[in-house]
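Let's work through a few short exercises together. Keep the sequence and the 3D view side by side as you go.

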Amino acid sequence: MMEIGSFDFLTQSLLRLGSWKITRAANFDTFVAVDVNRNFQFNFKASDLLTDSCLLYYAFDAPGERVVLINAEGSCVYLLSLEEQCLKIVTNLNRSRFDFYNPGGLYHLALVQVDEDLLVIYEGGIVYLELKDRLKVRWSYQHQYLDWAFDKIEDGLVWYQSGQDERWGYRLADGKCIQLQQLGTRSNV
Amino acid sequence: MNNVSVAVEIKKPKVILDTNAVIRYNDAKSLLQFSEVAIITKTVIAELNWLVSKGRIKALPHIVATLEVVEDIVEIHTQINVRSKIKTLSRKLNVPGLLGDGRIGTNVLELKLPIITGDRDFANALEAMGAIVRRLK
């Protein structure tokens, strides 16, 4: 069973994941992971894990002692292996740097569990992560439109809806895009 | 005796949508309470048009046509205060949308209406200034 959540390292100090406690150093780029059951600890460094935003989204795979970590506004998907005591980048996300002229709050991130796997849904695309055995990207899709919104998972598809009320889906099995359709009609899948 | 019918205008409570809440309207509408009406300001329209011009949205979202658009309240001191508060509370050196946030935030504070936004810096600032903020996750 996966534990999914978010944690703000600016306002909170201790992230608890199973028997592990993770805290950050004052410099924001070093972390300490402590296993309270085994009385064991290790440090890991991630200078770009907490950049502009200190809000982290996580998915904790308790049996495997693995954590998928993503900054709310960051471009990297990290895998923290507590058992192997290492942090690595799994994939990069298609995220823009929004500058002074853009409206605020355009970043959006959600982690959705699909069976034993994980969907990373963000404002610039979607990534299907297989968590079985070795974590890997099964498929991903990038887009430029901020108003393409995740709707639901149904009939083996990840359904999306645009600001113009178009609907379409990505097949969970292989990421194939099932063509755009108008709301209220269902195409053959 | 003649029947007299009296028309009573029922004013529905209004909630301001930030630009990102219009873009994510499917999420935002779940934060509207029964009988509440979502409104936007002209600044939101301007920001949406900016995103269209930059190719970040294809066109104005359909929902915009159904929303009441209100004139921005021009209160320069409140605008400055909102921007200052955002900069004070944010860790970012370059805060996106500061100008628009000042204008939209002024409407929230002056009209004393709740706002729905997914902008954490903006939300923190408005809450610190006494506004009712509903946050998009």
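**Exercise 1. Work out the strand order of the open sheet in chain B, and say which strands stand at the edges.**

Step 1. The open sheet of chain B has five strands, ordered S3-S2-S1-S4-S5 with parallel pairing. Strands are DSSP runs of E with at least two residues, helices are runs of H or I with at least four, and both are numbered from the N terminus. Two strands pair if DSSP finds at least two bridges between them.

Step 2. S3 (68–70) and S5 (133–135) of chain B each have a single partner strand, so one side of each has no neighbour in the sheet. These two are the edge strands.

Step 3. From one strand to the next, the twist averages 35°.

A word on the model: it is predicted, so local features need pLDDT of at least 70 and side-chain atom pairs count only at pLDDT 80 or more, while totals for chains, interfaces and linings use all residues. Residues are numbered from 1 along each chain as its sequence is written, and chains are lettered from A and ligands numbered from 1 in the order in which they are written.

**Exercise 2. Describe how S1 and S2 of chain B pair.**

Step 1. S1 (residues 14–17) and S2 (residues 37–41) of chain B pair in the parallel sense over three bridges.

Step 2. Opposite B:Val15 you find B:Ala38 in S2(B).

**Exercise 3. Find which strands H3 and H5 of chain B touch or lie across, then describe how the two helices pack.**

Step 1. H3 (residues 42–53) of chain B packs on the sheet and touches S1, S2 and S3 of chain B, its direction making about 70° with that of S2(B). Contact means that C-beta atoms, placed from the backbone, lie within 7 Å.

Step 2. H5 (residues 98–111) of chain B lies across S1, S2 and S4 (115–117) of chain B, at about 165° to S1(B).

Step 3. H3(B) and H5(B) pack at about 155°, with axes 9 Å apart. Axes are lines fitted to C-alpha atoms, for helices over the stretch in contact, and angles run from 0 to 180 degrees between N-to-C directions.

Step 4. H3(B) and H5(B) are therefore roughly antiparallel (angles over 145 degrees count as such).

Step 5. Where do the helices meet? B:Thr43, B:Val44 and B:Glu47 in H3(B) meet B:Gly100, B:Arg103 and B:Ile104 in H5(B).

Definitions and conventions
Parallel < 35°, antiparallel > 145°, perpendicular 65-115°, else oblique.
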